[in-house]
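The exercises below ask the reader to work from single residues up to the whole chain. Each task is followed by a solution that goes step by step.

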Amino acid sequence: MPLSVFSLRRLMGSPRFVRLIIGVFLLGLVLAILTPVYSDEIGWRLQERAWLDGVDKLYSEQCGPSTLARPLWFMWPARWYSGFFNSAFPDPFWVRFSGVLYALGWTGLFLSLIRRMAAGAAQCRAVVVLALGLLGLGTLPLQLVWSRPEQPILLAALGAMLVAWDGYRRDGRRGGAWWRPVVVAALAGIALSYHFKALVLVPLFLACIAAQRGPVAWRLIWGAALLALAAASAHYWFARLSCPADAILATQHAQQSLHYDGSLLKLALRALANDNLPAYVTLAAPDVTPMSHWLPYHLVTKPEQIGWSAVMIALWFIAFLLAGGALWRVVRAGGMRAILDLQVVFALLLFGIASAYASVQMVRNCYEAAFVLPLLAMSFACALCAGPEATPRLQTIAAITGLAMLLSMVLVGAIYGPSLVQTTRASGYLEQQPLSIPVFHYDRARATIRKAAALCGINPDNHQQRLLIDDATYFAFMQTRLPDHHISVLDPQWRGAISDPLAYLKSQGMDGAVVHCRFLDPATRRRARASGEVCCLSRAMF
């Protein structure tokens, strides 16, 4: 056997190497605070405003009855939580800071789960290096800090798994802990409060309840409660995604995912053909033209993008084969009863959930990688921990993946680091990234925004006014009533049936608009007043 293989296995035997991998991964998440805040991070906050308006809303109100929705009773704690922190810290910096904290918290829970599940120190080291190695490849660390609903959903899922695992291992002869199913159901309720994506994780939450020791009736009660929450949540989210008043937007929404067309067989075949997990790996690779300029264009070439994607897919696929092989050995040694082992159940469920989610997605955006790839990493970790020990093959592949991650971190830093550092000098807007805003110096931008608003008689402290805002001006006018986002009113691609934006604003009784001047068409721009790069429109100008 080549000496290099022995060297790799010796490397995996070193706690220092494992600490290096953990430290570099965590450092990557911390440095990702430089990543500009992407439009969808603002849009999510705009759509879950019950903490201010009493109802959740969409980007604008052209969809009709589904636009405004009162959250279900169990969703209110999440709205109050979001409301408090968003109102107390109305600044892009705190959006990114919270995203970094959530990513660090998720990593801590993930490492804790691996440590609890692993059969020994060698297995724990190998699984940690492999999992973090995969998650540290490409631009994924930058995507993991996006402050979007995927973060609390994944945190809730990991929390439920930890509760279930501790109960599964520790409560066996003591009758179980009554509170564990309650906590799992509560975590599921939190996840379901944030986004419809949590619906795909319902089987995982149910498994966490079923795995507990203690009276069957108690688990059935809370399992039924979880199903009731899921059913109510599904009705809520699907109603919000409908758009009965705008056929154009309704069609756009329908094209986002597979839908039932009268034939279950055709739906199943289409879903199977659409199940493309490697696509999410490519979404985490450096791209020539990243989605909506979330990173600057043309910092890599097409051959470089293909090379990154190929290497990353190869490493994820090898990890998949290792996880599959570990599960096969467990089942072969333990028979069919081994399938009921909680590690095996977790591994199969997580992979099935990621695969099922991928199979129904027709449009894949890069932030989806921050949802699907962590699910796959969790699945692989559970599968590899199910085995009795760390195999030599696992140790070798883990070392290779860890080294690849270290190299990736250096290369991604060299590619994107200068542009990320450059954005820290800007305030309010980025010239080359129209759908992102810089993290720092918002106080300077706020002063310009308030000055522009004053030109149209718009008072940032008047919380009863209704305004059209953009990603930067939202923070200055967060407290206003039911604001609309410029992208769904001014952008021809997303405004649906709105043919005259000013007529729409007038029909909605809007009090004005405060947005970057570049979002206005030439005719509207001539009506507007400007301070620097920020334009305003009063109601009289509509």
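## Exercise 1: Thr35 and its surroundings

Leaving aside residues up to four places away in sequence, Thr35 touches Arg96, Leu142, Trp146, Trp294, Leu420 and Val439, where a contact means heavy atoms within 4.5 Å. The model is a predicted one, in which local features need pLDDT of at least 70 and side-chain atom pairs count only at pLDDT 80 or more, while totals for chains, interfaces and linings use all residues. Residues are numbered from 1 along each chain as its sequence is written, and side-chain values use heavy atoms, with hydrogens and water left out.

Task: state where Thr35 lies and classify Thr35 as buried or exposed.

Solution. Step one is to place the residue: Thr35 belongs to the loop between helix H2 (15-31) and strand E1 (37-38), helices (H or I, at least four residues) and strands (E, at least two) being DSSP runs numbered from the N terminus. Step two is the classification, for which buried means under 20% relative accessible area, exposed over 50%, and partly exposed in between, with a 1.4 Å probe and protein chains only. Thr35 has a relative accessible area of 0% and is therefore buried.

## Exercise 2: A covered helix

Task: determine how many residues of helix H3 (residues 39-47) are buried, and name them.

Solution. The count comes to eight of the nine residues, so that H3 is mostly covered. The buried residues are Ser39, Asp40, Glu41, Ile42, Gly43, Trp44, Arg45 and Leu46.

## Exercise 3: Two threonines in helices

Task: decide for Thr396 and for Thr251 which accessibility class applies.

Solution. Thr396 lies in helix H19 (residues 392-423), and because its relative accessible area is 10%, Thr396 is buried. A polar atom of the Thr396 side chain lies 3.0 Å from the backbone oxygen of Pro392. Thr251, for its part, lies in helix H13 (residues 247-254), and with 42% relative accessibility Thr251 counts as partly exposed. As a further step, compare sequence and space: Thr251 and Ala225 are 26 residues apart in sequence, and their C-alpha atoms are 34 Å apart.

## Exercise 4: Positive phi outside glycine

Task: for Ser292 and Leu482, neither of which is a glycine, give the phi angle and then the setting.

Solution. Ser292 has a positive phi of about 50° and is found in the loop between helix H15 (278-282) and helix H16 (302-334); its relative accessible area of 26% makes Ser292 partly exposed. Leu482 has a positive phi of about 45° and is found in the loop between helix H21 (473-476) and strand E4 (484-485), where its relative accessible area of 11% makes Leu482 buried.

## Exercise 5: The chain as a whole

Task: describe the protein chain by its secondary structure, its radius of gyration and its burial.

Solution. Begin with the elements, of which the protein chain has 23 helices and seven strands. Next, the radius of gyration, taken over C-alpha atoms, is set against the globule rule of 2.2 Å times the number of residues to the power 0.38; for 542 residues a compact globule would have a value near 24 Å, and the 25 Å of the protein chain agrees with this. The C-alpha atoms fill a box of roughly 75 × 55 × 45 Å along the principal axes. Finally, buried residues make up 57% of the 542 residues, and among contacts with a separation of 6 or more, 75% join residues 24 or more positions apart.

Terms used
Polar contact = N/O pair within 3.5 Å; in protein donor to acceptor, adjacent residues only side chain to side chain.
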